[in-house]
Amino acid sequence: MSEKDLDNQREESGGMDTQFDKANISAGEDPEFRTTRLSGMYKDWFLDYASYVILERAVPEIRDGMKPVQRRILHAMKELDDGRYNKVANIIGHTMKYHPHGDASIGDALVQLGQKDLLIDTQGNWGNIFTGDSSAAPRYIEARPSKFALEVVFNPKTTTWKISYDGRNREPAFLPVKFPLLLAQGIEGIAVGLASKILPHNFNELLDSSIKHLKGKKPDLLPDFPTGGMADFTKYNNGQRGGRVRIRAKINIVDNKTLTITEIPYGTTTGSLIESIINANDKGKIKIKKIEDNTAGSVEIAITLAPGISPDQAIDALYAFTDCEVSISPNCCVIANGKPQFMSINDILEISTDNTVELLKKELEIKKHELLEQHMFSSLEKIFIEKKIYRDIEECETWESVLSTISKGLKPFKNKFYREIEKDDIIKLTEIKIKRISKYDSLKADEVIKNLETELSDVNKKLENLIEYAVDYFKYIKVKYGKGRERKTEIRCFDNIEATRVAVANEKLYVNRSEGFAGTGMKKDEYVCECSDIDDIIVFRKDGTFVVTKVSEKSFVGKDVIHIDVFKRNDDRTIYNMIYQDGKSNKAFMKRFSIKGVTRDRKYDLTKGSKGSKVLYFTANPNGEAEVVTVHLKHKPRLKKPAFDIDFSQLAIKSRSAVGNMVTRHQVKKVELKDEGVPTLSARHIWFDKTILRLNVDKRGQYIGSFKGDDKILTIYSSGTYRLMNYDLSSHFEEEPLIIEKYQPGKIVTAIYYDGRLKNHYIKRFEVDETDKIVSFIGEHSENRLLEVSVHPSPVIKIETLTKAKKKKTEEEIVIEDFITVKGLKAKGKRITQHKLKNVEWITGEHQQPEFAEEQEVKAENGKTGNPGSEKIINDDQKTDTGKSKQISFDF
């Protein structure tokens with residue numbers, strides 16, 4: 001090859017050179033030797049490889065919702081299906097006729113399909129999605145297509161076929177799935193430069209959404225995970241890129257020392273969850289004494305807390321530092337029209353539903369054609385026999401004359417058929433046996449033709465009303481296969497957990513005030529308090545400045561430290577009292593302020609900013625205490641009052657940037673504490689947000705009351721339990737309570753419940769026991785049910801009963817206070833009636849929450865308070881009756 005030829009080849013390949021060019025020329029290359037350019041190969045081959053992985057391996061086809069390996073597995077299983085189970089090893093081997101990859105990939109895909117419990121009926125040990133245990137070897141487990149799959153997935157008449165990879169077999173290009181299978185199973189795949197992650201959805205909700213789409217309504221779909229748990233779909237973004245789903249484990253409080261995890265987040269296992277909890281414990285983020293995995297058929301992880309750890313704070317810490325809360329980012333990518341496309345979950349549902357309608361139409365059209373063919377041949381047969389055309393062919397000597405004679409005999413009737421009579425139809429008539437002709441029953445033939453006409457009419461009706469037929473089809477699938485497929489994941493809205501508020505104090509903070517250093521590694525210096533390694537600390541200095549910085553082993557925070565503590569962001573309860581002297585005017589000022597939010601490592605000045613300013617007196621008060629101090633002035637001629645008292649409670653709380661009130665124009669010698677401070681902050685007003693099931697002070701949701709000291713909250717639940725809890729904002733609620741209010745000692749509860757063992761209705765009244773445990777007050781029988789509960793002091797009900805003998809309805813009014821006295825918590829109570837109870841109606845006793853004072857004042861000003869009980873502010877222990885009746889129906 002000459003150098004000129006080499007240059008031409010280099011130019012054709014994009015100008016790229018190789019290190020062997022000169023060597024090939026100088027060595028006098030072999031005529032058979034050819035140089036191959038890698039640049040062109042890489043460009044073409046990599047694109048081919050990427051396209052193959054995207055289209056043939058990782059991303060699902062929108063029409064049937066499957067990856068190629070899943071489609072081939074199901075096709076192989078259908079070919080093997082005879083109603084009995086087949087060894088998975090046999091299924092894998094049969095699938096390899098269609099799938100050009102190893103048995104391991106087929107086996108893994110088959111197990112994943114089986115664990116979804118939808119398309120495959122399994123037998124044997126198929127692993128555990130909760131624990132992450134793998135399945136048994138393929139030779140030990142068996143499978144067959146489920147009844148749902150046989151009805152919904154397969155139909156050879158409507159299947160589009162293609163040749164397999166080796167050209168020896170025929171396989172489906174896509175299966176005729178008449179169901180939004182892709183959304184039901186969910187899928188995850190990673191291709192070259194592309195990924196797909198579609199979350200699973202609820203079986204019944206998908207069918208309902210398909211019906212909504214067919215009726216012209218917009219569906220509202222949210223994922224449902226097989227592992228249960230709780231999920232916040234606020235930022236789901238309809239499954240598109242950029243969305244995020246937060247999933248939490250379901251954690252129950254057994255007692256003050258024990259928590260149990262009964263449901264885990266999707267994508268985790270009990271093993272990985274426990275490992276994350278142990279790691280958080282080792283790092284000091286949480287403190288646990290013991291953890292046990294009791295998972296079998298359902299998840300049960302028991303956590304024993306270390307002494308002194310609040311269970312509510314521990315739950316928040318588990319969500320903040322372990323896999324008890326995970327985030328998943330969906331990425332809805334599918335193969336549509338032969339190329340990958342990004343779309344929303346609603347788009348996939350609509351396309352799948354429309355595809356189902358087309359498949360149903362195709363099936364009906366095929367059935368219609370088959371019925372027409374059966375009707376035509378039955379009619380031809382009837383004419384052929386009844387008109388004795390078969391006798392006319394007795395004298396025919398050739399095959400052509402036989403066909404011609406039959407054709408002439410049928411000619412007068414050809415207008416009765418939906419198409420022309422063809423040669424094949426005549427041949428089929430010649431194949432009728434003499435025995436059938438001799439036993440031909442005309443009446444029976446007429447009945448067969450009539451039945452065919454009825455079926456044909458029914459098919460035509462369905463084709464004319466295709467949408468209604470599709471709606472009925474989805475309803476039929478839901479009734480037949482939807483039982484036991486209720487939603488497992490609870491839809492919730494989560495609040496954001498601030499890690500520093502729930503982290504366990506695993507370090508100790510020390511300070512060297514004179515040198516200005518603070519940290520957790522200075523064990524020889526002054527001890528300050530306990531903290532966590534993710535806390536911020538706030539440091540006040542004698543010059544009137546302060547700074548907030550992250551805790552570390554040792555860091556410089558400024559000399560002359562007068563106060564240091566762990567900083568709590570947005571804390572409006574801690575009030576700082578301060579007296580300082582201005583460096584320019586020598587005047588003394590006093591101020592009270594709180595610090596809610598700051599920029600980390602930025603220096604803030606609490607004085608007027610003059611050079612030489614200094615702090616004379618400083619206290620930090622966690623409950624807004626305001627003390628009385630004595631100010632001593634420096635001696636000065638004609639000074640009338642050398643000392644005087646100041647009460648901080650007379651000073652308003654302002655912002656940290658306020659200058660403050662002037663104390664004196666003279667120089668101050670010293671400031672001494674005279675009387676200890678008393679709290680000046682009012683009781684804390686608490687609200688309950690039903691959306692996220694958390695307490696708050698931001699006026700979100702339902703007002704509960706004002707709290708201080710040892711006040712408690714009473715919560716009563718539909719499960720027939722109650723719980724007394726503190727008003728800590730970190731308190732957890734497993735479900736929305738029927739009643740939530742400020743607890744008053746001696747509170748009487750009235751409960752109406754059904755006893756499952758005795759099959760009767762009872763009323764009981766009891767006084768709430770002051771305990772921190774969850775207390776059941778309707779008994780332990782599994783069929784016991786709480787029907788209604790009231791904390792009204794004198795409830796009255798009206799009951800409607802039905803006598804057995806006369807079957808007559810009677811009404812009776814019961815004053816519960818006279819009907820039954822207050823008894824112990826474990827007492828059964830008193831049976832309401834001897835007859836069958838039909839209805840219960842509250843006359844008085846329906847629960848009403850107190851209103852916040854500001855809201856009540858606004859209503860009073862606007863003249864909107866309608867009933868007498870709401871003309872004044874309702875106290876926490878005062879409940880009023882709305883006057884409206886509430887009806888309860890029973891059907892046992």
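In the predicted model, R71 lies in helix α4, which spans residues 68–80. With a relative accessibility of 6%, R71 falls below the 20% cut-off and is therefore classed as buried. A polar contact links the side chain of R71 to the backbone oxygen of M66, at a distance of 3.2 Å. When neighbours within four places in sequence are set aside, the contacts of R71 comprise E61, D64, M66, P172, A173, F174 and L175. M66 thus appears both among these contacts and as the residue whose backbone oxygen is reached by the R71 side chain.

A second local feature is the hairpin of β15 and β16. Strand β15 covers residues 333–336 and strand β16 residues 339–342, and the two pair in the antiparallel sense through four bridges. Within this pairing, V334 is positioned opposite Q341 of β16. Two residues separate the strands of the hairpin, and N337 adopts a positive phi near 60°.

At the level of the whole protein chain, the secondary structure consists of 21 helices and 48 strands. The chain contains 892 residues, of which 46% are buried; R71, as noted above, is also classed as buried. Among contacts between residues at least 6 apart in sequence, 67% connect residues at least 24 apart. The accessible surface of the protein chain amounts to about 47000 Å², and carbon and sulfur atoms account for 48% of this area.

Conventions:
Residues numbered from 1 in each chain as written. Predicted model: local features only at pLDDT ≥ 70, side-chain atom pairs only at ≥ 80, totals over all residues. Heavy atoms only, no water. Buried < 20%, exposed > 50% of the residue type's maximum accessible area, 1.4 Å probe, protein only. Polar contact = N/O pair within 3.5 Å; in protein donor to acceptor, adjacent residues only side chain to side chain. Contact = heavy atoms within 4.5 Å. Pairing = 2+ DSSP bridges. Areas by Shrake-Rupley, 256 points an atom, 1.4 Å probe, with all protein chains shown as cover.
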